[in-house]
Amino acid sequence: TVKIIEELKENIESNIWIEYFLQNPMYQKENWIDFENEISKVIQSLDNDMHGLSRIYTIEDDITNLSNSFLSEVYSKYTFTTQTINLLANENTSETITFKEIRNRLLDDLNKLIKALEIYLCEYVEKIKIQRKSQDINKLAIHHVLSFNYTHTFELSNLYKIDIRIEKTEKSDLVLFDYINGETKINNTIELNNMVLGIDEYLPEKRKDKDIEFVGFKKYYQRIYKQTGCEYKNWVEKIRRFKQEVDEKLKNQYPLQIPYGEVPNKYRNQLYIFGHSLDATDKDVLRDLILNDNVYTTIFYPNKEELGRKIANLVKVIGQDELIRRTRGSTKTIEFKQQQDMIKIS
């Protein structure tokens, strides 16, 4: 509709993030860009400028220099170099801008970008007719879906002939959904939008709980602030409690043996991962699931190149020692499986 188009225009016009992405060499070369990685680069550069080696600034201080070339160009008239040139040219200028003002514009425009993305997903992506489906998913018994996507493709398409549980209190075997990064709703305002588009924690242990000037850009903060789904936490806890109960029963039944330490894979909860890059930005969620000792994880990959990326990313998430232990021998709880070709929907 005209109203939606106008809203989209309002959110993308003069948006500093869109300007940044468009001039980015990766976008110009690949016609694609990793939003979260690029946002992190910009925020980290601004953070480093504040906590420089020569002087530590506060968020209320005026900037004197910006290390990020794009920000430096956008705010060039406020930098020390430009101010010095103006003074040498006898041009009296006292224009200043604080780190806080730049931070606030970046955050406001990020929220506008997220809303623009929501409109695009609702009005275009979710209306695309689906023509293929996964043979692998088609064969699985799925009871819970933790979605890192914003869209409702799996839930609403009925591709895999699953039942959806609407009421979470209803006792049945129907599927439960949890949208950990929020979900699309076309009628949302910017304030009500709950889609998470943020960055991973980049600060060292000593600083992460103290220097919180840029916390609004971080995923964990956005998930709390926007009150996105966290139902998966209950699922994880339920899985752990069940293992403890089984262990205790076996321990009492076989007091002179210790058979309860090893759970056969067929008795574990099965975790299937499709389409997720296993990037460290979702490290906290992935660790909760994959490192749960009552979970057996199958990670699907489309080709060998993507398999290599997933293994490398998983090292960042759980560490190489855990990865080796969980993909080998009697302690194996992780396997990688190549996806079958997608099939046409008749």
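The questions and answers below walk through some features of the structure shown above.

Reader: What kind of model is this, and what pLDDT do local features need?

Author: Residues are numbered from 1 along each chain as its sequence is written, and side-chain values use heavy atoms, with hydrogens and water left out. This is a predicted model, in which totals for chains, interfaces and linings use all residues, side-chain atom pairs count only at pLDDT 80 or more, and local features need pLDDT of at least 70.

Reader: At what angle do helix α4 and helix α7 pack, and what does that make α4 relative to α7?

Author: Helices (H or I, at least four residues) and strands (E, at least two) are DSSP runs, numbered from the N terminus, and here the two helices are α4, residues 35-50, and α7, residues 99-123. Their axes, which are lines fitted to C-alpha atoms, for helices over the stretch in contact, with angles that run from 0 to 180 degrees between N-to-C directions, lie 11 Å apart. Angles under 35 degrees count as roughly parallel, over 145 as roughly antiparallel, 65 to 115 as roughly perpendicular and the rest as oblique. The angle is about 165 degrees, so α4 is roughly antiparallel to α7.

Reader: Is Leu71 buried or exposed?

Author: Leu71 is found in helix α5, residues 69-74, and its C-alpha atom is separated by 8.1 Å from that of Val42, although the two are 29 residues apart along the chain. Buried means under 20% relative accessible area, exposed over 50%, and partly exposed in between, with a 1.4 Å probe and protein chains only. Because its relative accessibility is 1%, Leu71 counts as buried.

Reader: What is the phi of Gln227, and what is the phi of Leu278?

Author: Most residues other than glycine have a negative phi. Gln227 lies in the loop between α11 and α12 (232-253) and is exposed, with a relative accessible area of 68%, whereas Leu278 lies in the loop between β4 (269-273) and α13 (283-290) and counts as buried at 0% relative accessibility. Neither residue is a glycine, yet phi is positive in both, at about 55 degrees for Gln227 and about 65 degrees for Leu278.

Reader: How many salt bridges does the structure hold, and how far apart are the closest N and O atoms of Lys127 and Glu123?

Author: Side chains of opposite charge can pair when their charged atoms come close. A salt bridge is a side-chain nitrogen of Lys or Arg within 4 Å of a carboxyl oxygen of Asp or Glu, and the structure holds 22 of them. In one of these pairs, Lys127 is exposed with a relative accessible area of 58%, while Glu123 counts as partly exposed at 31% relative accessibility. Their closest N and O atoms are 3.4 Å apart.

Reader: Which residue forms a salt bridge with Asp293?

Author: Asp293 lies in the loop between α13 and β5 (295-301), while its partner lies 33 residues away in helix α15, residues 320-326, and the pair therefore links distant parts of the chain. Asp293 counts as partly exposed at 40% relative accessibility, and its partner is buried, with a relative accessible area of 3%. The side chains meet at 2.8 Å, N to O, and the partner is Arg326.

Reader: Why are Lys310 and Glu306 separated by about one helical turn, and what is the N to O distance in their salt bridge?

Author: Lys310 and Glu306 are separated by about one helical turn because they are four residues apart in helix α14, residues 304-318. Lys310 counts as buried at 3% relative accessibility, and Glu306 counts as buried at 15%. Their side chains meet in a salt bridge with an N to O distance of 3.7 Å.

Reader: Which residues are linked in a network of salt bridges, and which make the nonpolar surface patch?

Author: The network of salt bridges links Glu36, Lys219, Arg223, Asp282 and Asp284. Patches are made of residues with over 30% relative accessible area and no salt bridge, with like charges joined within 9 Å and nonpolar side chains (Val, Leu, Ile, Met, Phe, Trp, Tyr) within 5 Å, and accessible areas come from the Shrake-Rupley method with a 1.4 Å probe, where for residues only the protein chains shown count as cover. Tyr225, in helix α11 (residues 219-225), is exposed, with a relative accessible area of 60%. The nonpolar patch, of about 450 Å², is made by Tyr220, Tyr221, Ile224 and Tyr225.
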